[in-house]
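Here is a short tour of one protein chain, with a few features to look for as you turn the model. Have the sequence and the structure side by side.

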Amino acid sequence: MKTSFDVFNGDADGICALLQLRLATPKDSVLITGVKRDIALLKQVDPAIAQDVTVLDVAMGKNRAALDNLLSQGVRVFYADHHNPDEIPEHSGLTTHINTAANTCTSLIVDKLLDGRYREWALVGAYGDNLFAVADTLANKAGLCEQDKLTLKQFGTYLNYNGYGSSLADLLFSPVEIYKLMAAYPSPFNFITERPDVYSTLENGFMNDSEKAAAIVPHSERSGSRVYMLPDEPWARRISGVYSNDLANQDPNVANAVITEKADGNYLVSIRAPLKNRIGADELAAAFPTGGGRKAAAGINALPAELLPEFIEAFHQRYPLAT
């Protein structure tokens with residue numbers, strides 16, 4: 001018997017994009033996701049049993065071979081994303097909604113497709129993806145008060161924080177678990193009110209890990225860029241992405257790289273371009289093995305130790321002080 005699959009990134013953007021779609025068009029499906037950096041997800045779909053596949057917030061380039069295989073076997077694929085897709089294949093079974101602009105994310109792409117039907121979930125995804133200005137503008141158009149905007153911003157931040165880790169064991173909730181907990185709620189405000197236990201777990205974890213990160217000082221610093229090093233600890237892996245966003249928001253003229261030690265001797269790297277010059281992060285990351293991402297925010301999953309000095313120098317060279 002053929003079945004449907006929903007494949008999505010395990011961060012706030014991927015989860016909130018799927019929430020919107022399934023609230024609008026309910027469907028029984030097999031859920032495939034993982035930690036935020038686990039993006040080679042499409043290969044987990046079995047083409048022998050797949051009828052259709054929805055892919056959200058997962059870079060096409062990293063999944064191209066699996067995508068081509070699915071399409072060649074007659075599987076219909078709906079693909080929405082904001083990462084660099086490399087090359088988009090032309091196929092009658094493929095529907096794409098891909099926008100790589102620095103001021104959008106998958107939740108906002110889905111929001112447009114649904115004419116803002118579940119705008120509050122879209123805002124959670126956008127806030128979680130550090131698109132504060134864009135989200136504030138949409139929230140204002142929706143008539144949300146300042147307290148409501150702050151609530152959605154915090155929730156998006158906590159959801160995004162929950163997606164980071166080297167494995168699911170690092171996370172407070174697995175992405176599948178948190179998605180299923182939220183799936184029945186047409187508004188994040190309903191969820192926060194009715195499941196304060198879940199919300200408080202996310203909030204307390206975030207606060208505790210943020211307190212530890214606040215003690216970190218720059219490892220390397222120049223006029224337009226700063227590098228921070230985090231230890232090989234679960235709290236550091238969880239906070240690394242949101243910590244990178246926080247650093248970016250502190251000074252819009254400065255680029256930030258957060259480098260986390262890994263148990264295997266490699267490094268996990270998060271790159272944030274300056275908010276006033278949101279370009280180049282994807283190209284810089286792609287110049288190193290296992291690197292990729294978006295213009296404004298990118299990363300390297302396993303930077304070899306011997307390439308660490310080269311990366312740090314390339315990062316500083318790429319982002320001199322903005323003028």
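## A β-α-β unit

A good place to start is the right-handed β-α-β unit made by strand S3, helix H2 and strand S4. Please keep in mind that this is a predicted model.

The two strands of the unit, S3 (residues 50-56) and S4 (residues 76-81), run parallel and are joined by five bridges. To find your way along this pairing, look for threonine 54, which stands opposite phenylalanine 78 in S4.

S4 also pairs with strand S5 (residues 94-98): these strands run parallel, and five bridges join them. Here valine 77 stands opposite leucine 94 in S5.

## A salt bridge in helix H2

Back in the helix of the unit, arginine 64 forms a salt bridge with aspartate 68, and their closest N and O atoms are 2.8 Å apart. Arginine 64 and aspartate 68 are separated by about one helical turn, because they lie four residues apart in helix H2. Across the whole structure, a search finds 14 salt bridges.

## Where H1 meets H7

Now turn to helix H1 (residues 12-24) and helix H7 (residues 175-182), which pack at an angle of about 40° with their axes 10 Å apart. The crossing of H1 past H7 is right-handed.

Which residues make the contact? From H1 come Ile15, Leu18, Leu19 and Arg22, while H7 supplies Pro175, Ile178, Tyr179 and Met182. Sorted by class, the contact of H1 with H7 has seven nonpolar residues, one charged residue and no polar ones.

How values were computed. Residues are numbered from 1 along each chain as its sequence is written. This is a predicted model: local features need pLDDT of at least 70, side-chain atom pairs count only at pLDDT 80 or more; totals for chains, interfaces and linings use all residues. Side-chain values use heavy atoms; hydrogens and water are left out. Axes are lines fitted to C-alpha atoms, for helices over the stretch in contact, and angles run from 0 to 180 degrees between N-to-C directions. A crossing is left-handed if the near helix is turned anticlockwise from the far one by less than a right angle, and right-handed if clockwise. Contact means heavy atoms within 4.5 Å. Ala, Val, Leu, Ile, Met, Phe, Trp, Tyr, Cys and Pro count as nonpolar, Asp, Glu, Lys and Arg as charged, and the others, Gly among them, as polar. Two strands pair if DSSP finds at least two bridges between them. A crossover is right-handed if, with the strands pointing away from the viewer, the path from the first strand over the helix to the second runs clockwise. A salt bridge is a side-chain nitrogen of Lys or Arg within 4 Å of a carboxyl oxygen of Asp or Glu.
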